[in-house]
Amino acid sequence: MARVIAALSGGVDSAVAAARAVEEGHEVTGIHLGLSRDPQAHRTGSRGCCSLEDANDARRVADHLGIPFYVWDFSELFLQKVIGNFLSEYARGRTPNPCLRCNETIKFAALCDRALSLGFDAVATGHYARLAARADGVIELHRGLDLAKDQSYVLGVLTQDQLRHSLFPLGDSRKDDIRAEARRRGIRVADKPDSFDICFIPDGDTAGYLHDKLGDRPGDITDESGTVLGHHLGIVGYTIGQRKGLHLGAPAPDGKPRYVVGVDPATDTVVVGGRESLRVQGLHCVDPLWCDQTPTGEFQATVQLRAHAKEVPASVRVVDDEVWISLDEPAFGIAPGQTAVVYDGTRVVGSATIDSTSRAASAPA
């Protein structure tokens, strides 16, 4: 039996994960992470999380399971590490993934560190991913059984030490079965909608949020030759691959859709072009995080570039703290700031932040 922290978000997945941990005989304590700076924040349907309703739902789940329950206030750290990173990356013309940063800095760093310091052995969450222990003692992170719900991509930032102290009780289950199990157990959030989008932007208006926080910085919208086609209030409202909301007033000469193909924070310029200009086959990545030992040299793998995107076969080369990825087939609309997660079959090798892209296969300079 282990002493386990069950991270209770207020949703059905974390509730069933906690119930299974209790059923396995662990000594379980429920913890809800207080991440919002507004304690009266509310959900909007399926949007948002970390609200007052979520905290109350988490408490009711703990009461139903008969386990202790506490709220740990990580709102200041969340503001600095997740929201602060989100704003600074967009101000640089990049496209960050706040869910990965939250897993890296909050859910599997700050939470795990505090749990271990208080004498707990592990943290259990409702993520759809699997762990496997190798003969040499290494803990491998694998995709969840339910590929439609697999969350290994957003867990690709976890280190070996964090994996050793993690439990994913839902890894071998499918979402429909989890909801059915919650109903059988009498858990009242069995049919609660899943949260999606960015939790701290519950209305889903990312551009509006960014303009509110970072202010307007007008600039030009140009084609790839530099011809001015229109104007904007700030580059923060645009990301690579964006098609809607350009408001150019006139179609492209060839009649085909235009996309954002470049964002230049130095000149506050947004560049638009055709879909072929979004073609990417080379990636230069930085700040790698490996789930096991650091790979060396060049190796074949598959790479996932967005949550729930399909894997792309690739050649991966690690040079010190840089990762060069040459995709076997092109991807489209990949932006600096996004995360590339490297797989060996179903096993997560690690991740790195995309620093730049190229239309040709990538190689070390």
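## A walk through the predicted model

K175 lies in helix α6, which covers residues 175–184. The structure described here is a predicted model. Is K175 buried or exposed? Its relative accessible area is 7%, and buried means under 20%, so K175 counts as buried. Setting aside the neighbours within four places in sequence, K175 is in contact with V12, D13, Y128, D146, K149 and D194.

From α6 the description moves to helix α3, made of residues 75–91. A kink of about 35° occurs in α3, and G84 is at its centre. Several residues of α3 are buried, namely S75, F78, V82, I83, F86, L87, E89 and Y90. An α-helix has 3.6 residues a turn, so residues three or four places apart point the same way. Which elements help to cover the buried residues of α3? The cover includes strands β2 (27–34) and β3 (69–73), together with helices α4 (98–117) and α7. After α3 comes G93, which has a positive phi, near 80°.

One of the covering elements, α7, can be followed further. Helix α7 consists of residues 206–214, and its axis is 11 Å from that of α3. The two helices pack at an angle of about 90°. Angles of 65 to 115 degrees count as roughly perpendicular, and α3 and α7 are therefore roughly perpendicular to each other. On the α3 side, the contact is made by I83, F86, L87, Y90 and A91. On the α7 side, T206, Y209, L210, K213 and L214 take part. What kinds of residue make up this contact? Eight are nonpolar, one is polar and one is charged. Four of the α3 residues named in the contact, I83, F86, L87 and Y90, also appear among the buried residues of that helix.

The last part of the description concerns a sheet. This sheet is open and has four strands, in the order β9-β8-β11-β10, with mixed pairing. Its edge strands are β9 (228–232) and β10 (259–264), each of which pairs on one side only. On average, neighbouring strands of the sheet are turned by 25° against each other, with direction ignored. How many bridges join β8 to β9? There are four, and the two strands run antiparallel. Strand β8 is made of residues 219–222. Within this pairing, G219 stands opposite H232 in β9.

Technical notes. Residues are numbered from 1 along each chain as its sequence is written. This is a predicted model: local features need pLDDT of at least 70, side-chain atom pairs count only at pLDDT 80 or more; totals for chains, interfaces and linings use all residues. Side-chain values use heavy atoms; hydrogens and water are left out. Axes are lines fitted to C-alpha atoms, for helices over the stretch in contact, and angles run from 0 to 180 degrees between N-to-C directions. Angles under 35 degrees count as roughly parallel, over 145 as roughly antiparallel, 65 to 115 as roughly perpendicular and the rest as oblique. Contact means heavy atoms within 4.5 Å. Ala, Val, Leu, Ile, Met, Phe, Trp, Tyr, Cys and Pro count as nonpolar, Asp, Glu, Lys and Arg as charged, and the others, Gly among them, as polar. The bend at a residue is the angle between axes fitted to the seven residues ending there and the seven starting there. Buried means under 20% relative accessible area, exposed over 50%, partly exposed in between (1.4 Å probe, protein chains only). Two strands pair if DSSP finds at least two bridges between them.
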